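Student: I have a model open and would like to go through it with you. Can we start in the middle of the fold and work outwards?

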Amino acid sequence: MTIVAATSLNLVSLGGAPAVTEAGRRTPEELKALALDAAAALEGAPAEQIAKWATDTFGARFCVTSSMADAVVAHLFSRVAPGVDVVFLDTGLHFPETLKVRDTVAATMDVNVRSIRPRMTVGQQDGEFGPRLFARSPDECCFMRKVEPLERALVEYDAWATGLRRDESPTRANTPMVAFDAKKGKVKVNPIAAWTQADVDRYISRWNVPVNELFKKGYGSIGCWPCTRRTKAGEDPRAGRWAMFEKTECGLHV
């Protein structure tokens, strides 16, 4: 992987699409066309170039989402677009180590961390749906504590970035650099989709990026504590998520 300084990039021209202004918003049809053009033009481009295209194109109507397993994507965008919004879904069920990464990002990076909470606390959810909903109906729990909060958070944006990578699991093997999410009617940007774990590790080492301490304790992928276990040698990194169910995604990326 070659790291390219954002200031030295020759951005790919995507049909001369103007940057969005606060006065108006692009229609879903316009966003879809933009995403299709960008997906073709930016395939194979450095992550910094993809990030700069996204922030130049969408301006204040763009945000980064982060699970705070690490802060690679948040850091990447802080270099390209200082002050960018970083959305974190505070489910109320995170490991303390995850919240530590979030707090470190907020304190040390030039980004605006927004912690988005579910409409109900864990206690309120237990009272209405019974305790340990995550153990009985994880899809329902994920919807209330992740999917709905993200949908609510994204209302003010036209596009958002994720840290999805093709090598993470078979379900993510075809992740495009840029896509149109028809359900949300928004553009989804995946600047490190083509990175390997080795690429991620090199970036973390070069920039001293915060990383969740649970990775050192045998976790391959980190979500809410009730639905995350350590992975065994040779297992898929996401095998420790919802291990008792036929479930591999929380619903944010499907």
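Tutor: Start with β2, α4 and β3, which form a right-handed β-α-β unit. Keep in mind that this is a predicted model.

Student: Which other elements make a right-handed β-α-β unit with β2?

Tutor: Those are β1 and helix α3, residues 72-80, which make a right-handed β-α-β unit with β2.

Student: How does β2 pair with β3, parallel or antiparallel, and over how many bridges?

Tutor: Parallel, over 6 bridges, with β3 covering residues 111-116. For registry, V84 stands opposite V111 in β3, and L89 stands opposite I116 in β3.

Student: And how many bridges join β1 to β2?

Tutor: There are 3, and these two strands also run parallel, with β1 spanning residues 62-65. One position to look at is T65, which stands opposite V87 in β2.

Student: How many residues of β2 are buried?

Tutor: The count is 6 of the 6, so β2 is largely enclosed by the rest of the structure.

Student: Which side chains point which way from β2?

Tutor: V84, V86 and F88 point one way, while D85, V87 and L89 point the other way, and all of them are buried.

Student: Now α4. How many residues does it have, and how far does it reach?

Tutor: α4 has 13 residues and reaches 18 Å from its first C-alpha to its last, close to the 18 Å expected at 1.5 Å a residue.

Student: Which residues of α4 are buried?

Tutor: E97, T98, V101, R102 and V105 are the buried residues of α4. They lie on the same side of α4, because they cover an arc of only 150 degrees around the axis.

Student: What covers them?

Tutor: The cover over the buried residues of α4 includes α3, β2 and β3.

Student: Which exposed residues sit on the face turned away from the buried side of α4?

Tutor: P96 and A107 are the exposed residues carried by that face of α4.

Student: R102 is on your buried list. What does its side chain meet in a salt bridge?

Tutor: The side chain of R102 meets that of D90 in a salt bridge, at 3.3 Å from N to O. The pair links distant parts of the chain, with R102 in helix α4 and D90 in the loop between β2 and α4, 12 residues apart.

Student: Is D90 buried or exposed?

Tutor: D90 is buried, and so is R102.

Student: Which residues do shared salt-bridge partners join into a network?

Tutor: D90, R102, D103 and R117 are joined into one network by salt bridges that share partners.

Student: How many salt bridges does the structure hold?

Tutor: It holds 15. Another one is between the side chains of R166 and E43, at 3.0 Å from N to O. That pair links distant parts of the chain: R166 is in the loop between β4 and β5, E43 is in the loop between α1 and α2, and they are 123 residues apart.

Student: What does R166 count as, by relative accessibility?

Tutor: R166 counts as partly exposed because its relative accessibility is 24%. E43 also counts as partly exposed, at 43%.

Student: Which residue forms a salt bridge with R202?

Tutor: D199 does, and the closest N and O atoms of the two are 2.5 Å apart. Both residues lie in helix α8, residues 197-207, where they are 3 residues apart, about one turn of the helix.

Student: Why does D199 count as buried?

Tutor: D199 has a relative accessible area of 9%, and buried means under 20%. R202 counts as partly exposed, at 42% relative accessibility.

Student: Let's zoom out. How many helices and strands does the chain have?

Tutor: There are 8 helices and 6 strands. Along the sequence they follow the pattern α-α-β-α-β-α-β-α-α-α-β-β-β-α.

Student: What share of the residues counts as buried?

Tutor: Of the 254 residues of the chain, 50% count as buried.

Student: And what about contacts between residues far apart in sequence?

Tutor: Among contacts between residues at least 6 apart in sequence, 70% join residues at least 24 apart.

Definitions and conventions
Residues numbered from 1 in each chain as written. Predicted model: local features only at pLDDT ≥ 70, side-chain atom pairs only at ≥ 80, totals over all residues. Heavy atoms only, no water. Salt bridge = Lys/Arg side-chain N within 4 Å of Asp/Glu carboxyl O. Helix = DSSP H or I, 4+ residues; strand = E, 2+ residues; numbered from the N terminus. Buried < 20%, exposed > 50% of the residue type's maximum accessible area, 1.4 Å probe, protein only. Pairing = 2+ DSSP bridges. Right-handed = clockwise from strand over helix to strand, strands pointing away. Expected span 1.5 Å × (residues − 1). Arc of directions from axis to C-beta. Contact = heavy atoms within 4.5 Å.
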